[in-house]
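Dear colleague,

I am handing over the structure we spoke about, and I would be grateful if you could look through it alongside the notes that follow.

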Amino acid sequence: MKNMTVVFDLDGTLVDTAPDLLGATRHVLGLMGIADLDEDAVRMQISFGARAMIEKAVHNAGRSEIAEADLDRMLTEFMDYYAAHTSDESKPFPGVEVTLRALNE
């Protein structure tokens with residue numbers, strides 16, 4: 001397969017990053033005094049971005065309204081936390097490493 005280019009979206013395609021994204025969401029909820037995280041509901045928001053994940057988590061915790069400024073602060077804290085913890089629990093999906101090696105040959 002010489003002279004071929006293959007492009008992948010790493011996050012969620014090759015690597016299961018959901019555990020670390022959920023960890024960052026759990027962290028920002030904790031800063032608001034929210035202990036519960038409906039992982040299944042928040043997991044469904046991952047492809048919509050961090051802001052959507054935070055909004056869904058806050059809503060599911062029974063807080064229907066969140067001030068824009070609070071959401072902005074939570075998003076900043078989420079991004080900082082996630083940047084420091086991107087590989088705590090994330091790992092390649094089964095078969096990815098073998099597939100990438102085969103594509104490289």
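Is D16 buried, partly exposed or exposed, and what is its relative accessible area? Please keep in mind throughout that this is a predicted model. D16 has a relative accessible area of 23%, and because buried would require a value under 20% and exposed a value over 50%, the residue counts as partly exposed. D16 belongs to strand 1, which covers residues 15-16, and its C-alpha atom lies 5.5 Å from that of K91, although the two residues are 75 apart in sequence.

Salt bridges

With a salt bridge taken as a side-chain nitrogen of Lys or Arg within 4 Å of a carboxyl oxygen of Asp or Glu, the count comes to 4. One of them joins R26 to E39, with 2.4 Å between the closest N and O atoms. Since R26 sits in helix 1 and E39 in helix 2 (residues 39-43), this pair ties together parts of the chain that are 13 residues apart in sequence. Both partners are partly exposed, R26 at a relative accessibility of 36% and E39 at 33%.

R51 takes part in further salt bridges, and I would suggest reading these together. The side chain of R51 meets that of E68 at 2.5 Å, N to O; because E68 lies in helix 4 (residues 68-84) and R51 in helix 3, the pair ties together parts that are 17 residues apart in sequence. The side chain of R51 also meets that of D72 in a salt bridge, here at 2.9 Å, N to O, and this pair again links distant parts of the chain, with D72 in helix 4 and R51 in helix 3, 21 residues apart. Through these shared partners, R51, E68 and D72 are joined by salt bridges into one network. As for accessibility, R51 is partly exposed with a relative accessible area of 26%, and D72 likewise counts as partly exposed, at 36% relative accessibility.

Helix packing

Two packed helices are described by the angle between their axes together with the distance between those axes. For helix 1 (residues 18-31) and helix 3 (residues 50-60), the angle is about 55 degrees and the axes are 10 Å apart. The two helices are therefore oblique to each other, and their crossing is right-handed.

Helix 1 also packs with helix 4, in this case at an angle of about 135 degrees and with the axes 9 Å apart. Why does this pair count as oblique? Angles over 145 degrees would count as roughly antiparallel and those from 65 to 115 as roughly perpendicular, so an angle of about 135 degrees makes helix 1 oblique to helix 4. Here too the crossing is right-handed, helix 1 passing helix 4 in that sense.

Nonpolar surface

Finally, M4, V6, F8 and L100 make a nonpolar surface patch of about 320 Å². Of these residues, L100 is placed in helix 5, which spans residues 96-104, and at a relative accessibility of 35% it counts as partly exposed.

With best wishes

Terms used:
Residues numbered from 1 in each chain as written. Predicted model: local features only at pLDDT ≥ 70, side-chain atom pairs only at ≥ 80, totals over all residues. Heavy atoms only, no water. Patch = residues over 30% accessible without salt bridge, like charges linked within 9 Å, V, L, I, M, F, W, Y side chains within 5 Å. Areas by Shrake-Rupley, 256 points an atom, 1.4 Å probe, with all protein chains shown as cover. Helix = DSSP H or I, 4+ residues; strand = E, 2+ residues; numbered from the N terminus. Buried < 20%, exposed > 50% of the residue type's maximum accessible area, 1.4 Å probe, protein only. Axes fitted to C-alpha atoms, helices over the stretch in contact; angles between N-to-C directions. Parallel < 35°, antiparallel > 145°, perpendicular 65-115°, else oblique. Left-handed = near helix turned anticlockwise from the far one by under 90°.
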